[in-house]
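Please open the structure in a viewer and keep the selection panel at hand. The tour below proposes one selection after another and states what is found at each stop.

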Amino acid sequence: MSVDSVFVHKMWNDNELVKMVNGGVPFPMLSDGGGKVGAAFGVYDEDAGVENRGRFIIDPDGVIQAYEVLTPPVGRHVAETLRQIQAFQLVRATGGAEATPSGWKPGKITLKPGPDLVGKVWQVWKTDMESD
Amino acid sequence: MAEKPKAGCARPTGGPVGQKKPAQADDKTQPQEEVKKMIQVGKPAPDFSAPAYHKGDFTSVQLSKFLGKWVVLCFYPGDFTFV
């Protein structure tokens, strides 16, 4: 979503993005002329008249589970977004019984918060597991 | 996805959905900025509808139509902005 019109979205997709992604952008490119939606999400820069690089993960109940907002010159990291979605999906599937420690990826251990784990995380989770 | 808007020269518009305009505060000393609601993790995303370009068609998207699915919503400064 940006403040550009759908006409400009079409030109960008059809003339440039289609050369990067086979078949072009597979999801809807939304138009927010005037930045009203961006303002509602806190990413619209009134002085510049454009939106910052905001990324929101919204769950099946319509609840915002995560967001990240960057100023324009730095791009995002799609793999990190996917990792977070997988983590939120796991937490949701367990009804909140499991939590994902720092650096968690699918297949790595989760933690089960509760009285037995208080003060014992060091026994089951090591800092070098963050980046392996 | 939602209904297809009529083709034409008019630039389609959208915006937040279902948000009541804040009632005019009797107390004029209240700065209007404070009426703005902050978005917050763990709280519902503000609903909106917006014109869209999708696979060769002009269409319209409403966030609340995606209830039941995970949604990634991305904002960016503008088409052709490099990164």
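The stops that follow concern a predicted model.

**Stop 1: chain B as a whole**

Select chain B and display its secondary structure. Chain B holds four strands and zero helices, so that from the N terminus on its elements read β-β-β-β. Next, colour chain B by accessibility: 29% of its 83 residues count as buried. The accessible surface of this chain comes to about 6200 Å², and carbon and sulfur atoms account for 56% of that area. Among the contacts in chain B with a separation of 6 or more, 58% are between residues 24 or more positions apart.

**Stop 2: the largest nonpolar core**

Select A:L30, A:F41, A:F56, A:I58, B:F48, B:L73 and B:F75. These residues belong to the largest nonpolar core, which has 19 residues, and they touch the most other members. Two or more residues of this core come from each of α2 (36–40) and β4 (53–58) in chain A, and from each of β2 (48–54) and β4 (71–74) in chain B. Which element gives the most to this core? It is β2(B), with three residues. Now colour chain A by domain, with domain 1 covering 1–50 and domain 2 covering 52–132. Both domains give residues to the core, and therefore the core lies between them.

Within this core, centre the view on A:I58 and show its surroundings. Leaving aside neighbours within four places in sequence, A:I58 is in contact with A:V63 and A:I64 in chain A. On the side of chain B, its contacts are B:A45, B:L63, B:K69, B:W70, B:V71 and B:L73.

Another core lies apart from the largest one. To find this second core, which has seven residues, select A:V6, A:L17, A:M29 and B:Y53, which are among its members.

**Stop 3: helix α1 of chain A**

Select residues 6–15 of chain A, which form helix α1. A:F7 is found in this helix and counts as partly exposed, because its relative accessibility is 31%. Add A:V8, A:M11 and B:F80 to the selection: together with A:F7 they make a nonpolar surface patch of about 320 Å².

In the same helix, show the side chains of A:K10 and A:D14, which lie four residues apart, about one turn of the helix. The two side chains meet in a salt bridge, at 2.7 Å from N to O. Are these partners buried or partly exposed? A:D14 is partly exposed at 29% relative accessibility, and A:K10 is partly exposed at 31%.

**Stop 4: further salt bridges**

The count over all chains comes to four salt bridges. Select A:D61 and A:R92, which form one with their closest N and O atoms 3.1 Å apart. A:D61 lies in the loop between β4 and β5 (64–70) of chain A, whereas A:R92 lies in helix α3 (residues 78–93), so the pair ties together parts that are 31 residues apart in sequence. A:D61 counts as exposed at 52% relative accessibility, while A:R92 is partly exposed at 37%. Add A:D59 to the view: A:D59, A:D61 and A:R92 are linked in a network of salt bridges.

Finally, select A:E80 and A:R83. Their side chains meet in a salt bridge of 2.8 Å, N to O. Both residues lie in helix α3 of chain A, three residues apart, which means that about one helical turn separates them. A:E80 is partly exposed, with a relative accessibility of 26%.

Terms used: Residues numbered from 1 in each chain as written. Chains lettered and ligands numbered in written order. Predicted model: local features only at pLDDT ≥ 70, side-chain atom pairs only at ≥ 80, totals over all residues. Heavy atoms only, no water. Buried < 20%, exposed > 50% of the residue type's maximum accessible area, 1.4 Å probe, protein only. Contact = heavy atoms within 4.5 Å. Areas by Shrake-Rupley, 256 points an atom, 1.4 Å probe, with all protein chains shown as cover. Patch = residues over 30% accessible without salt bridge, like charges linked within 9 Å, V, L, I, M, F, W, Y side chains within 5 Å. Core = buried A, V, L, I, M, F, W, Y, C linked by side-chain atoms within 4.5 Å. Domains from an automatic or database assignment.
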